[in-house]
Amino acid sequence: MYNYDNSSPTVSNCTFSDNTANNRGGGMYNNYNSSPTVTNCTFSGNTADYGGGMYNSSSNPTVSNCTFSGNTADYG
């Protein structure tokens, strides 16, 4: 999931699993003043160069009651 340019989606009760990104945010990439609210979600087995489960750049996500497991990244 890619959130960009002041986006503020609400995401709940979901699974981000076994995704691959060539650069940033295998599960979720938040960029350019995005403020997603992520609740009761699982991020597992995601892969990226930066931020396997979630990558945040100039963003302010609210993450509650989420599980991050088995995500891999070269950085972050």
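Where does Asn 13 lie? Here are my notes, point by point.

1. First, a caution: what you have in front of you is a predicted model. As for Asn 13, look in the loop between strand 2 (10-12) and strand 3 (15-17). Its phi is near 55 degrees, a positive value in a residue other than glycine. That caught my eye because most residues other than glycine have a negative phi. Asn 13 is exposed, at a relative accessible area of 58%.

2. Asn 33 also deserves a look. Its phi is positive, about 65 degrees, and again this is not a glycine. You'll find Asn 33 in the loop between strand 4 (28-31) and strand 5 (37-39). With 44% relative accessibility, Asn 33 counts as partly exposed, since the exposed label needs over 50%.

3. On the overall build: the chain has zero helices and eleven strands, so from the N terminus on it reads β-β-β-β-β-β-β-β-β-β-β. The radius of gyration is 11 Å, close to the 11 Å that the globule rule gives for 76 residues, so the chain is as compact as a globular protein of that length. Along the principal axes, the C-alpha atoms fill a box of roughly 25 × 25 × 15 Å. Of the 76 residues, 32% count as buried. Among contacts with a separation of 6 or more, 80% come from residues 24 or more positions apart.

4. Now the inside. The largest nonpolar core has eight residues: Val 11, Cys 14, Phe 16, Met 28, Val 38, Cys 41, Phe 43 and Met 54. Phe 43 is a good place to start looking: leaving out residues up to four places away in sequence, Phe 43 touches a list that includes Phe 16, Met 28, Val 38, Met 54 and Phe 68.

5. Aromatics next. The count comes to eight aromatic pairs. In one pair, the ring centres of Phe 16 and Phe 43 are 4.7 Å apart with planes at 10 degrees, so this pair is stacked; the cut-off for that label is under 30 degrees. The pair links distant parts of the chain, with Phe 16 in strand 3 and Phe 43 in strand 6 (residues 42-44), 27 residues apart. Phe 16 and Phe 43 are both buried.

6. The tyrosines are worth displaying too. Tyr 2, Tyr 4, Tyr 29, Tyr 32, Tyr 50, Tyr 55 and Tyr 75 form one aromatic cluster. Over the ring of Tyr 50 sits the charged end of Arg 24, 5.0 Å from the ring centre.

7. Is Asn 46 buried or exposed? Asn 46 counts as buried, because its relative accessibility is 0%, even though Asn 46 lies in a loop, the one between strand 6 and strand 7 (47-50). A polar atom of the Asn 46 side chain lies 3.5 Å from the backbone nitrogen of Asp 18. Beyond its neighbours within four places in sequence, Asn 46 is in contact with residues including Phe 16, Ser 17, Asp 18, Gly 27, Gly 53, Gly 70 and Thr 72.

8. Last, Gly 70, in the loop between strand 10 (67-69) and strand 11 (72-75). Gly 70 is exposed, with a relative accessible area of 61%. Not counting residues up to four places away in sequence, Gly 70 touches Gly 45 and Asn 46. Ser 59 is eleven residues from Gly 70 along the chain, and the C-alpha atoms of the two are separated by 23 Å.

Methods: Residues are numbered from 1 along each chain as its sequence is written. This is a predicted model: local features need pLDDT of at least 70, side-chain atom pairs count only at pLDDT 80 or more; totals for chains, interfaces and linings use all residues. Side-chain values use heavy atoms; hydrogens and water are left out. Helices (H or I, at least four residues) and strands (E, at least two) are DSSP runs, numbered from the N terminus. Buried means under 20% relative accessible area, exposed over 50%, partly exposed in between (1.4 Å probe, protein chains only). A nonpolar core is a set of buried Ala, Val, Leu, Ile, Met, Phe, Trp, Tyr and Cys residues joined through side-chain atoms within 4.5 Å. Contact means heavy atoms within 4.5 Å. Rings of Phe, Tyr and Trp (its six-membered ring) pair if their centres lie within 6.5 Å; planes under 30 degrees apart count as stacked, over 60 as edge-to-face and the rest as tilted. A charge sits over a ring if NZ of Lys or CZ of Arg is within 6 Å of the ring centre and within 35 degrees of the ring normal. A polar contact is a pair of N or O atoms within 3.5 Å; within protein, one must be able to donate a hydrogen and the other to accept it, and residues adjacent in sequence count only if both atoms are side-chain atoms. The radius of gyration is taken over C-alpha atoms; the globule rule is 2.2 Å times the number of residues to the power 0.38.
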